[in-house]
Amino acid sequence: MFLSRRAQLSAPTLLLALLASPVVAATADTIDAADAEAPSIIVTGTRLAEARAEVEATPGGVDVVDSAEYADRLAVSLRDTLGFSPGVYTQPRFGQEVRLSIRGSGISRGFHMRGLTLLQDGIPINLADDNGDFQELDPQVFERIEVYRGANALRYGGSTLGGAINAVTPTGRVAPRLELRLDGGGFGTVRGKVAAAFSDARGDAYLALTTDRSDGDRDHARRDAIRFNGNAGLRLTDRIETRFYASINHIDQDLPGALTRDLALTTPRLSLPNNVVNDQERDIDSIRLQNKTVVDLGFGTLAAGVFLNTKQLFHPIFQAVDQKSTDRGVFARFETAGNVAGVPVELSLGTTARFGTVAAQQYLNVGGRRGAQTADVRQSARTIDSYGELRVKPLPELSLIAGGIHVHGRRAVENHFAPANSDGRTYDRFAPKFGLLWEPREALQVYANYSRSVELPGFLELVQQPVLGFVELDPQRAWTAEIGTRGRAGIAAWDVSLYRADIRGELLQFTVAADIPATTFNARRTRHQGIEAGLDLDLAPWARLRQVYQYNDFRFRGDAVYGDNRLPVVPRHLYRAALRLGTDAVSVTPNLEWVPEGAWADYRNRTKAPGYALFGIGAEARVREGLTLFIDARNLRGKKAIGDISAVIEANPASAIYYPVERRAVYGGVRATF
């Protein structure tokens with residue numbers, strides 16, 4: 001492959017590369033030499049196989065989700081794309097809003113997202129303080145999604161408990177020359193896509209425009225969006241490739257909010273009156289620009305680039321939140337491989353530096369409009385993740401891996417209305433990782449790793465009124481042990497991981513009153529442990545069964561108030577299955593989601609949500625080459641159930657903390673490629 005030459009290095013040369021290599025960081029795929037020379041479309045399956053091989057060199061829980069796996073669904077959110085990725089917990093709130101968690105990351109955050117690094121084409125889309133949203137990621141445009149659970153995200157500079165998710169867009173060399181898609185159905189939903197690809201011997205480009213509108217399955221849940229995603233690559237020389245990326249998003253989403261337990265289970269279409277009267281919503285306008293350049297140095301490869309993300313958020317909730325943020329950064333990653341004393345050795349070094357400012361203003365919410373101004377704050381954040389990994393193969397079937405990441409962070413607030421609330425904090429932490437990967441035969445891997453994770457608090461944790469300045473919070477730290485296996489034998493393909501994370505200072509939140517931001521504290525000791533399992537069975541040439549299962553055991557450990565209580569929000573068991581019957585020409589896919597018992601709603605373990613089972617069915621028919629129809633029917637029995645919860649200290653019948661699952665709906669669509 002272009003830019004992946006394996007040099008035979010002496011020990012002094014390798015040591016020199018270790019000491020003198022430039023600062024480097026995570027990056028997406030390099031471009032094959034064949035890609036650079038042939039204007040014809042490259043077989044996507046080949047690229048996917050290469051991506052899987054690269055990701056599965058990781059000694060831990062990872063996954064690659066091909067876009068073909070959800071092409072016959074109305075893919076609105078990451079729940080629709082990652083539902084069958086082992087270990088990824090995606091539960092509905094409304095519209096594109098889901099709870100996204102891996103290994104209990106951000107378990108008690110009832111809004112936005114924490115504990116995961118989201119990337120598009122290898123570039124973080126989280127804000128510089130590492131808090132994030134996922135609405136800007138549009139599943140319609142991705143070629144694949146890479147999932148790195150826990151410390152296995154070291155490749156992208158991920159240091160958090162949950163890991164990283166990288167969504168990869170196609171290039172002009174692999175995408176169809178023209179693609180059209182139109183979806184629609186229940187609750188006034190209409191979605192569209194038009195994409196085009198261009199390439200010649202020197203360069204290529206991919207452009208995609210997508211739209212989305214829906215009235216939503218609840219009152220006050222209307223949404224509409226228009227998004228542009230594109231990239232253009234240029235081969236400057238035989239050794240240098242550069243690619244520019246652009247993403248533009250306009251997203252409007254009304255917020256129906258949470259309900260009481262009784263309302264969620266009896267009249268899930270409702271929105272509480274306060275959400276309607278105050279016209280609660282989240283509107284995002286954003287632009288992301290980035291460049292990545294890959295250079296073949298002869299003895300290794302260097303990938304480096306820059307990025308700029310700007311976003312305006314208008315978010316009337318308990319008050320009207322009005323924020324304008326700018327995040328900029330640089331990244332680089334150096335990789336080399338060779339032999340030391342006859343032993344194969346691979347080395348990667350990297351860094352990602354993010355710098356962000358937020359002009360954060362708040363106003364009284366007057367029917368969804370700005371009233372009198374109540375806050376004027378400038379937030380400044382800096383996060384620099386520098387990492388390295390060394391891989392040694394003492395035997396052809398055995399790889400030993402050692403690495404680590406240093407996390408540097410700065411958080412500062414300048415409060416213009418209340419100078420006494422201005423404050424700043426600086427953090428520095430190091431997290432090592434050790435692992436092994438054993439491949440006794442082709443298509444069989446056994447792995448183990450032991451790693452530390454570090455999660456710095458962000459502004460949503462540090463700023464808590466009426467406390468002056470920042471709340472005294474420590475970074476969340478954890479040591480995680482993991483063992484697992486993945487492979488294929490006969491009709492079965494599997495991916496199974498067992499993990500245990502002993503956490504110090506877990507950042508937990510609980511709501512103190514309706515419509516008031518949550519309070520965050522460091523728990524003394526908690527433990528997250530569980531099973532992440534996927535099993536696919538090719539029962540016949542016309543029958544394939546896909547299954548994923550999670551066991552989630554998250555709890556306090558000897559807490560002075562909560563003892564050994566289980567942590568709320570995530571249920572212990574979750575099972576999903578889909579049975580595809582048919583051929584590439586015509587197929588029918590019944591599916592099931594089963595939660596045998598619901599999660600706790602509170603830290604005192606007094607109230608639990610009920611379990612549920614949801615049934616759906618999909619169907620797909622290829623009318624001719626390049627033209628496909630599909631149907632996606634969900635919650636066929638019209639089951640009323642609770643999908644997600646915002647944790648509280650002790651729930652009662654008046655606690656409006658429950659989000660119902662999506663009501664029964666049928667969607668359909670057509671895809672055409674030329």
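Here is a short chat between a visitor and a guide about the structure above.

Visitor: What kind of model is this, and how are its residues numbered?
Guide: It's a predicted model, where local features need pLDDT of at least 70, side-chain atom pairs count only at pLDDT 80 or more, and totals for chains, interfaces and linings use all residues. Side-chain values use heavy atoms, with hydrogens and water left out, and residues are numbered from 1 along each chain as its sequence is written.

Visitor: How many helices and strands are there in the chain?
Guide: Both kinds are DSSP runs numbered from the N terminus: helices are H or I with at least four residues, strands are E with at least two. Counted that way, the chain has seven helices and 33 strands.

Visitor: Why can the chain be called as compact as a globular protein of its length?
Guide: The globule rule is 2.2 Å times the number of residues to the power 0.38, and the radius of gyration is taken over C-alpha atoms. For 674 residues the rule gives 26 Å, and the chain is close to that, so it is as compact as a globular protein of that length, with a radius of gyration of 24 Å.

Visitor: What share of the residues is buried?
Guide: Buried means under 20% relative accessible area, exposed means over 50%, and partly exposed is in between (1.4 Å probe, protein chains only). Of the 674 residues in the chain, the buried ones make up 59%.

Visitor: Which strands are at the edges of the open sheet 1-6-7-4-5?
Guide: Two strands pair if DSSP finds at least two bridges between them. This open sheet has five strands with mixed pairing. Strand 1 runs antiparallel to strand 6 (residues 144-149), joined by five bridges. Each edge strand pairs on one side only, and these are strand 1 (62-66) and strand 5 (123-124).

Visitor: Is Asp 130 buried or exposed?
Guide: Asp 130 sits in the loop between strand 5 and strand 6. Not counting residues up to four places away in sequence, Asp 130 touches Leu 116, Thr 117, Thr 160 and Arg 354 (contact means heavy atoms within 4.5 Å). With a relative accessible area of 16%, Asp 130 is buried.

Visitor: Which residue stands opposite Ala 208 in strand 11?
Guide: Start with strand 9 (residues 189-199) and strand 10 (residues 203-214), which pair in the antiparallel sense over 10 bridges. They form a hairpin with three residues between them. Strand 10 also pairs in the antiparallel sense with strand 11 (residues 223-235), over 12 bridges. There, the residue opposite Ala 208 is Asn 229.

Visitor: Which residue takes a positive phi in the hairpin of strand 21 and strand 22?
Guide: Strand 21 (residues 476-489) and strand 22 (residues 492-504) run antiparallel, joined by 13 bridges. Gly 487 has Trp 494 in strand 22 as its bridge partner. The hairpin has two residues between the strands, and the one with a positive phi near 60° is Gly 490.

Visitor: What is the bridge partner of Ala 492 in strand 25?
Guide: Strand 22 also pairs in the antiparallel sense with strand 25 (residues 525-540), over 13 bridges. In strand 25, the partner of Ala 492 is Leu 537.

Visitor: How far apart in space are Leu 537 and Glu 625?
Guide: Leu 537 is buried, with a relative accessible area of 19%. Beyond its neighbours within four places in sequence, its contacts include Ile 491 and Leu 545. Leu 537 and Glu 625 are 88 residues apart in sequence, and their C-alpha to C-alpha distance is 27 Å.
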